[in-house]
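Student: I am new to this structure and would like a close look at one part of it. Could you pick a loop residue, describe it carefully, and then lead me on from there?

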Amino acid sequence: MQVQIMFFGQLTDITGTPELILYDIPDTDTLQETLHQLYPALAQTKYAIAMNKKTIQGKSILSGDTTIALLPPFSGG
Amino acid sequence: MSKLAENERYQRQISLKELGENGQQKLKNSKVLVVGAGGLGCPALLYLAGAGIGHIGIVDFDLVSLSNLHRQVLFSVHDIGLSKSLRAGDILGKLNPDIEIEVFNQKLDNSNALEILAGFDIILDGTDNFASRYLINDACVLLNKTLVYGAISRFEGQLAVFNKASIRAEIPANYRDLFPLPPADNEVLNCEEAGVIGVLPGIIGTMMANETIKVITGIGEPLLNRLLTYNSLNNRFFEMDLVVMPETKSMIPANSDSFKAFNYHWFCNINSNFELNQDDFERIMNDQDIQIVDVREQGEKPLIDDFKHIHIPLSHLKEQIPDMDAQTIVLFCQSGKRSLSAAELLSKHYGQSRKIYSLKDGIAGWQKNK
């Protein structure tokens, strides 16, 4: 099972990449833990999560190939 | 103005069969407020005025500066130092004298927002800070107004239409369904700090005008309960459905009184509002309904026995915030910095239900003062 993760906005400053692929992640909590281990600064940052192009809050189960988008808030105008 | 001349002005869009004379009449009858005559607001205003929105409001308190001109396309060097909203009003009046333009040369805040927004059908948020964005969102929810949202950061933009019910989305999503809480004030840079390419707000602001025209005339598929992001470097659009979150409603002030009492600057972490000076601390430290908390880590010195307090290290607060019954919570550390972080954490957890303070200059200041 493949999880494609897309980082938006200033989150790419932290990750250094706009995209990452991880395998066999059971749920979004585990995904966040894994990402926070890979990129500790991500844990201090607010972002919204969309799973398969739908925003989610709280823990969601990942089944099958999944696309995850991490979006930070933008304030500029 | 005669019907004939009016038709000539709008002829190219009236000839669109989806829009037609009926759509043009809807535009003429509509009232649209643009908050912020900046990078997003300028292009949006140009197209809204051009399209014949019958009544346009402009809110901005700022003055035009030279560094604005690469993206704030209404203005020229002759406008530097002048009011953005007043200049925008003049310029748009020359572009289209047949529409009414109402200028609010003032800062939108929770004392005037409900009154100003109430006179319009659709609100465009082109502001540049989170306090304004949460304030406008909450006001639109309270007043049941459609909010066209646009925001940018460096090379990327976000666009959505909030708070508009439809057949597809009976319960409309709002900004807090996407971002329930604002980021800490050091997390996100504004345009001044982060930089922005001038074309980007031009694109997103123009799309905001387009969404507005679609909503008013009922054509196409406006971004209801959807968020669109655009990356100007690789030309990628990414769209997602916004799911209405059950807990969002409770985060928005329930009525106009609580809206007016809600401190949006404080909520968006303008830190000085947490700070309690040493004299005020001495005055309230023996109050009945107060909990004083040392947030230093285990074993840090000096130990304090001058006043009653409990000890919860900041590292523990980051993991879990314990229940505290007291109405007033005062946090302290060595110098007043970590207690500020703790105050932010607690204020997000407790919202408006507690008064939360950080002792300015911390224990170092307390001992000096003694």
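Tutor: Gladly! Let us begin at Asn225(B), which sits in the loop between helix 9 (199-217) and strand 7 (226-231) of chain B; helices (H or I, at least four residues) and strands (E, at least two) are DSSP runs, numbered from the N terminus. Please keep in mind that this is a predicted model, in which local features need pLDDT of at least 70 and side-chain atom pairs count only at pLDDT 80 or more, while totals for chains, interfaces and linings use all residues. Residues are numbered from 1 along each chain as its sequence is written, chains are lettered from A and ligands numbered from 1 in the order in which they are written, and side-chain values use heavy atoms, with hydrogens and water left out.

What catches the eye in the backbone of Asn225(B) is a positive phi of about 55°, although the residue is not a glycine. Most residues other than glycine have a negative phi, and most peptide bonds are trans. With 9% relative accessibility, Asn225(B) counts as buried (under 20% relative accessible area; exposed is over 50%, and partly exposed lies in between, with a 1.4 Å probe and protein chains only).

Now set Arg154(B) beside this residue. Arg154(B) is not a glycine either, and has a positive phi of about 55°. Its loop joins strand 5 (146-153) and strand 6 (156-162) of chain B. Arg154(B) is partly exposed, because its relative accessible area is 25%.

The backbone has another feature to look for: Lys301(B) and Pro302(B) are joined by a cis peptide bond, with omega about 5°. You will find Pro302(B) in the loop between strand 10 and strand 11 of chain B.

Those two strands lead us to a sheet. Five strands of chain B make up this open sheet, in the order 9-13-12-10-11, with parallel pairing; two strands pair if DSSP finds at least two bridges between them. Strand 9 (275-276) and strand 11 (310-311) of chain B are its edges, each pairing on one side only. Within the sheet, strand 10 (residues 290-294) and strand 12 (residues 328-332) of chain B pair in the parallel sense over five bridges, and Ile292(B) has Val330(B) in strand 12 as its bridge partner.

Finally, visit two buried residues. Ser85(B) belongs to helix 4 (residues 84-95) of chain B and is buried, as its relative accessible area is 0%. Leaving aside residues up to four places away in sequence, Ser85(B) touches Ile58(B), Asp60(B), Val103(B), Phe104(B) and Asn105(B), where contact means heavy atoms within 4.5 Å. Its side chain makes a polar contact of 3.3 Å with that of Ser83(B) and another, at 3.4 Å, with that of Asn105(B). A polar contact is a pair of N or O atoms within 3.5 Å; within protein, one must be able to donate a hydrogen and the other to accept it, and residues adjacent in sequence count only if both atoms are side-chain atoms.

His55(B), in strand 2 (residues 55-59) of chain B, is buried as well, at 11% relative accessible area. The side chains of His55(B) and Glu102(B) share a polar contact of 2.8 Å. Not counting residues up to four places away in sequence, the residues that His55(B) touches include Val32(B), Glu100(B) and Phe120(B).
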